[in-house]
Amino acid sequence: MIIAIDFDGTCVAHEFPKIGKEIGAEPVLKQLVKEGHKLVLNTMRSDKKDVNSTDYNIHGESGDYLTQAVNWFKERNIPLHGINENPTQKSWTDSPKVYADLYIDDAALGCPLHKEESGAIYVDWVRVFKILVDRGIIFSK
């Protein structure tokens with residue numbers, strides 16, 4: 001199965017432009033890969049070198065924001081099948097939308113969320129793990 005994974009608020013807490021604190025994604029993502037699933041990083045982060053760019057999602061600051069997210073996966077030995085694209089879909093579509101069988105994103109309707117006392121909201125990976133087991137996507141721990 002190909003699974004598209006958002007980054008901020010999904011793999012880590014929202015602290016953009018920094019990498020947020022751990023929220024429990026790592027063991028679940030590793031289990032998905034171990035069981036043969038392919039992960040596609042599907043994020044709004046980009047590397048921005050030019051502060052005069054019209055790339056509105058970076059708040060006018062230059063930085064290697066996408067590279068930092070990709071490095072988060074590398075540092076944890078979690079392989080990515082693609083980064084903001086599914087490389088296998090190019091053979092059958094020109095669509096820019098990332099194709100996946102499943103999307104895990106804190107902005108997705110129905111995604112289980114955890115809310116801290118501070119008001120910070122991010123993906124609840126304990127509940128995501130249970131959903132993945134219940135749906136037969138993950139078989140062991």
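Okay, let's start in the middle of things: β1 and β2 run parallel, and 4 bridges join them. Before I go on, please keep in mind that this is a predicted model.

So, who sits across from whom in that pair? I5 stands opposite L41 in β2. I3 also has a bridge partner in β2, and that partner is L39. Between the two strands comes a helix, and β1, α1 and β2 together make a right-handed β-α-β unit.

Now look at the other side of β2. It is joined to strand β5, residues 82–83, by 2 bridges, and these two strands run parallel as well. L41 turns up again here, with I83 as its bridge partner in β5. In what order do the strands of the open sheet stand? The order is β5-β2-β1-β6, which makes an open sheet of 4 strands with parallel pairing. β5 and β6 each have a single partner strand, so they stand at the edges, and one side of each is left without a neighbour in the sheet.

Let me zoom out for a moment. The protein has 3 helices and 8 strands. If you walk along the chain from the N terminus, the elements go β-α-β-β-β-α-β-β-β-β-α. There are 141 residues, and 40% of them are buried. And here's one about contacts: take those with a separation of 6 or more, and 60% of them are between residues 24 or more positions apart.

Next, the inside. Which residues have the most contacts inside the largest nonpolar core? They are L29, L32, W72 and W125, in a core of 30 residues. At least two residues each come from β1 (2–5), α1 (25–34), β2, α2 (65–75), β6 (102–104), β8 (121–123) and α3 (125–134). The largest share is from α2, with 5 residues.

Let's click on L29. If you leave aside its neighbours within four places in sequence, L29 is in contact with I5, C11, L39, W72, F73, I78 and W125. You've already met two of those: I5, which faces L41, and L39, which partners I3. There is also another core, apart from the big one, with 5 residues, including I2, A4, V98 and A100.

C11 was on L29's contact list, so a word on cysteines, citing burial: C11 counts as buried because its relative accessibility is 0%. C111 has a relative accessible area of 15%, and since the cut-off for buried is under 20%, C111 is buried too. How many disulfides does the count come to? It comes to 0.Now for a charged residue, R45. You'll find R45 in the loop between β2 (38–41) and β3 (47–48). Is R45 buried or exposed? R45 counts as buried, because its relative accessibility is 3% and the cut-off for buried is under 20%. What does its side chain contact? There is a polar contact with the side chain of D8, at 2.7 Å. On top of that, a polar atom of the R45 side chain lies 3.1 Å from the backbone oxygen of Y65.

Compare that with another arginine, R127, which is in helix α3. R127 has a relative accessible area of 45%, and because partly exposed runs between 20% and 50%, that is where R127 falls. Not counting residues up to four places away in sequence, R127 touches P112 and L113. H114 is 13 residues from R127 along the chain, and their C-alpha atoms are separated by 9.3 Å.

Last stop, some backbone details. Where is P17? It is in the loop between β1 and α1, and the peptide bond leading from F16 to P17 is cis, with omega near 15 degrees.

Then there are two asparagines with positive phi. N77 has phi near 55 degrees, which is a positive value in a residue other than glycine. N77 lies in the loop between α2 and β5, and it counts as exposed because its relative accessibility is 66%. N84 isn't a glycine either, yet its phi is positive, at about 60 degrees. You'll see N84 in the loop between β5 and β6. With 27% relative accessibility, N84 counts as partly exposed.

That's my tour, thanks for listening!

Definitions and conventions. Residues are numbered from 1 along each chain as its sequence is written. This is a predicted model: local features need pLDDT of at least 70, side-chain atom pairs count only at pLDDT 80 or more; totals for chains, interfaces and linings use all residues. Side-chain values use heavy atoms; hydrogens and water are left out. Buried means under 20% relative accessible area, exposed over 50%, partly exposed in between (1.4 Å probe, protein chains only). A polar contact is a pair of N or O atoms within 3.5 Å; within protein, one must be able to donate a hydrogen and the other to accept it, and residues adjacent in sequence count only if both atoms are side-chain atoms. A nonpolar core is a set of buried Ala, Val, Leu, Ile, Met, Phe, Trp, Tyr and Cys residues joined through side-chain atoms within 4.5 Å. Contact means heavy atoms within 4.5 Å. Two strands pair if DSSP finds at least two bridges between them. A crossover is right-handed if, with the strands pointing away from the viewer, the path from the first strand over the helix to the second runs clockwise. A disulfide is a pair of cysteine sulfur atoms within 2.5 Å.
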